[in-house]
Amino acid sequence: MEKVYAMLLRLSRDKKEADSLQNHREILEAYAAAHNLKYEPIEYIVSGMKADVLDRPDIQQVINQIDRYKGILVYDISRIARDVGVGDYFKKMCKLNELEIVTPYYRFDFSDPMQESMYENQIQMAATEGRMIAKRHKDNKMARARRGEWIASDTAFGYARDKETRRLVIVEEEAEIIRRIFKLHNEGLGSYKIRDILNAEGIPAPRTAFWNLPSIKRIIKNEVYKGTVLFNNRKEIMENGKRKYKIVETIRAENAHPKIIELKEWFEANTERVARAEKFAHYREKPATKSGTSSLKDLVYCGCCHRKHTILLDHKCNTGYVVKVCHYLKDGSKEKCGNAGIQLAKIEKRVFHDIKREKAALEKYLLSLEQNDNSELKEKKLKRLDQIKEQLKDLDDKDTNLLLAIVAGGFTAEKIDMMKTMLATQRMQLEGEEKLVEAELKKLEVFDEAENVKKIIDKMERLEEMTPEQQNQALKTFIKKIHYTRTIPEEIKKLSTRNPLRKNAPFKLKIEYIR
Ligand SMILES: [Zn+2]
C-alpha cells in the first residue's frame, strides 16, 4: 500500500478559534496540493494545553498505524505539543519509523541532526509560549475580577451576566427566592426547614429538580449576594503523590454589582450560620474531647439513599450515641428518605458479631495464602529484572562505542543508520519488558498480603480491649462501609418511641469489607 501523510487538524468548539483553524486547514491543503503530497486528515479536539500523549487521539492514531504514514503534515510545530516530553516522545517515534514532519514553512527530516535540533528548539519555544499564554490568560482574569467583572462561566442563581459590562445584573424572579431564603434563615429556621418549605411550595431550584441542603447552604454563604465578586487563584501542587489545587490568592471586589441582600442582613445570616454550625458540632460526633468518638464514626451509611448517616451523642437520655433518621431527599424527588434512626449500640453489637464471622473466613484465606507459596516465582522475576538492567547498561556502552566509531570515521552512513536503528529497537524492547516484569512483580506482591491479613485478624481479636476511638481506627482499616436500613411501617412510626413494637422494629445491615 502506498504510504500517505497524516494531516493533523485541530478542531475547536470556540467559534472565533474555529475560524482561524479553518484557515490553517486551507493553507495545509494548498501546500499538499502544490507539493503533490497525498494525505489523510486526522481531526482532533484538545481542550487545555497539557494533554498527555496517551490522551491525544490524533497522536495515538499515528502511532498505532505508523506503517501507513510517510510523514506528518501540520500547520505549526506547536500543534504537535506545547510540552517538551510529548514533543520528544513524538519525535522519537517519527525518527525510528523514518517519518518526516512537514509544516508549510519547513520540513523536518530527523536523519539530519541539524533539523532534529531545530525541531527540539521549536518544541521548547512552543512550550514556553504555552506557559506564557496560560499566564497571560490567568493575569487577565484576575485583573478583570479586581475590577468587579464576573469571570466564572456560570452565574450565581439570582443573577445574569451583562455581556457588555461583563458584570452581574439581578434576575428579579430568582432574586425574590434568594431574599426569601435569607429571611427564613434570619427568622431562625434551619436549612432543613427552609428546604422543605421551598419544595412544598413548588419553588424551582437552581440546577437540581428540588431544593437540597447544600444548595441552601451555598446560597447563605455566597458573598455574591452582598455585591461582592470573589475569585480564588489556585495553583496545582502535589501532596502525598496526589494532584491538588491550593488557593494562593483571593481577590475580592466589593460593590461590583447590585446587592440582592443588604450588608447587615447578609452578615447577620452568616454570623448566625457559623454559630449554629459550632453549636451543632458540639453535639455531632467528632474527635472532640468533650463528646468523644463513637466506634462507628463515618462508617454508617443509609441503606436506602446511600448517604452517610449522622451520629449524635444524645445528652438528654442515657442512650449514648444515636444514629439519626436520614434527612436527605430521595433522588430526584422532594420526598425525604426517612430511613429510621436507632441506638448505635444495637448496630455495634451486630457489627461486632459479623466481624467474628469475617475473622473465621480470613483465617481460612490466610491458610490458603500460606499454602500457595510464590517465593520461587518472585525470585525468578527479580533475577530477570536484574538481567534487563544489565542489558540496558550494555546498550549505553554500545551507544557510546558507536558514537566513537562515527567520530573516528570508517562507517558508511547507511551502516551507521542501521546500527542506530538496531540499538534503538533493542532499547525499546528491553524497556518494554522491564515495565512488564515490574508489573508482574507488583501482582505477586498481592500475595505477600499474608502479613496484611495476619495484622487484620490480630486487630479483630483485640477489638474488645480497645477504646471507641481505637476501635474506630481499627475498623476503618478493614471495613469500607456499613449499609444500614430500617424501614418502619407508618402505623408503627406513630407509636411512642418506648413502645416495644417500635423500639424493636428490625433493621438490616450489609457490611462492606475492604479485601
Ligand atoms: Zn437515606
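**Entry 1: overall layout**

I started with secondary structure and counted 15 helices and 15 strands in the chain. I note here that I am working with a predicted model.

Next I looked up the overall dimensions. Along the principal axes, the C-alpha atoms fill a box of roughly 100 × 75 × 40 Å. The radius of gyration comes out at 33 Å, whereas a compact globule of 515 residues would sit near 24 Å. I also checked burial, and 19% of the 515 residues are buried. For contacts with a separation of 6 or more, I find that 63% join residues 24 or more positions apart.

**Entry 2: domains**

I pulled the domain bounds from the assignment: domain 1 covers 4-140, domain 2 covers 159-280, and domain 3 is made of 284-377 + 424-515. How far apart are the centres of domain 2 and domain 3? I get 35 Å, taken over C-alpha atoms. The contact between them involves 6 residues of domain 2 and 6 residues of domain 3. On the domain 2 side, the touching residues are 4 nonpolar and 2 polar, with no charged ones.

**Entry 3: the nonpolar cores**

I went looking for the largest nonpolar core and found one of 29 residues. The residues with the most contacts inside this core are Tyr5, Ala6, Met7, Ile72 and Leu73. Which elements give two or more residues to the core? My list has the strands β1 (4-11), β2 (39-45), β3 (69-73) and β4 (100-102), plus the helices α2 (57-64), α3 (84-96) and α4 (113-146). β1 gives the largest share, 5 residues.

I then picked out Ile72 and listed what it touches, leaving out residues up to four places away in sequence. The partners are Tyr5, Ala6, Leu8, Val62, Cys94, Leu99, Ile101 and Val102.

Apart from the largest core lies another, of 23 residues. Leu168, Ile220, Tyr225 and Trp266 are among its members.

**Entry 4: helix α2**

Val62 turned up as a partner of Ile72, and that sent me to α2. The buried residues I find there are Asp58, Ile59 and Val62. Asp58, Ile59 and Val62 cover an arc of only 95° around the axis, so they sit on the same side of α2. The cover over these buried residues includes β1, β2, β3 and α3.

A reminder to myself on helix geometry: an α-helix has 3.6 residues a turn, so residues three or four places apart point the same way.

**Entry 5: helices α6 and α7**

In α6 (residues 191-200) I marked Ser191, Ile194, Arg195 and Leu198 as buried. Down the axis of α6 these buried residues fall within an arc of 100°, so they line one face of the helix. They pack against α5 (172-186) and α7 (213-221). Following α6 comes Gly202, with a positive phi near 70°.

I moved on to α7, where Ile216, Ile219 and Ile220 are buried. The arc is 100° here too, so the buried residues of α7 line one face of the helix. Which exposed residues does the face turned away from the buried side of α7 carry? I find Pro214 and Arg218 there. I also see that Ile220, buried in α7, belongs to the core of 23 residues.

**Entry 6: positive phi outside glycine**

I wrote down two non-glycine residues with positive phi. Asn36 has a phi near 60° and lies in the loop between α1 (15-34) and β2. Is Asn36 buried or exposed? I count 6 C-beta neighbours inside 10 Å, so Asn36 goes down as exposed.

Glu98 has a positive phi of about 55° and lies in the loop between α3 and β4. Here I count 15 other C-beta atoms within 10 Å, so Glu98 is partly exposed.

**Entry 7: Asp354**

My last lookup was Asp354, which is found in helix α9 (residues 344-371). It has 16 C-beta neighbours inside 10 Å and therefore counts as partly exposed. I also took its distance to Ala340: the two are 14 residues apart in sequence and 22 Å apart in space, C-alpha to C-alpha.

How values were computed: Residues numbered from 1 in each chain as written. Predicted model: local features only at pLDDT ≥ 70, side-chain atom pairs only at ≥ 80, totals over all residues. Buried ≥ 20, exposed ≤ 12 C-beta atoms within 10 Å, placed from the backbone. Helix = DSSP H or I, 4+ residues; strand = E, 2+ residues; numbered from the N terminus. Arc of directions from axis to C-beta. Contact = placed C-beta atoms within 7 Å. Domains from an automatic or database assignment. Nonpolar A, V, L, I, M, F, W, Y, C, P; charged D, E, K, R; others polar. Core = buried A, V, L, I, M, F, W, Y, C linked by C-beta atoms within 7 Å. Rg over C-alpha atoms; globule rule 2.2 N^0.38 Å.
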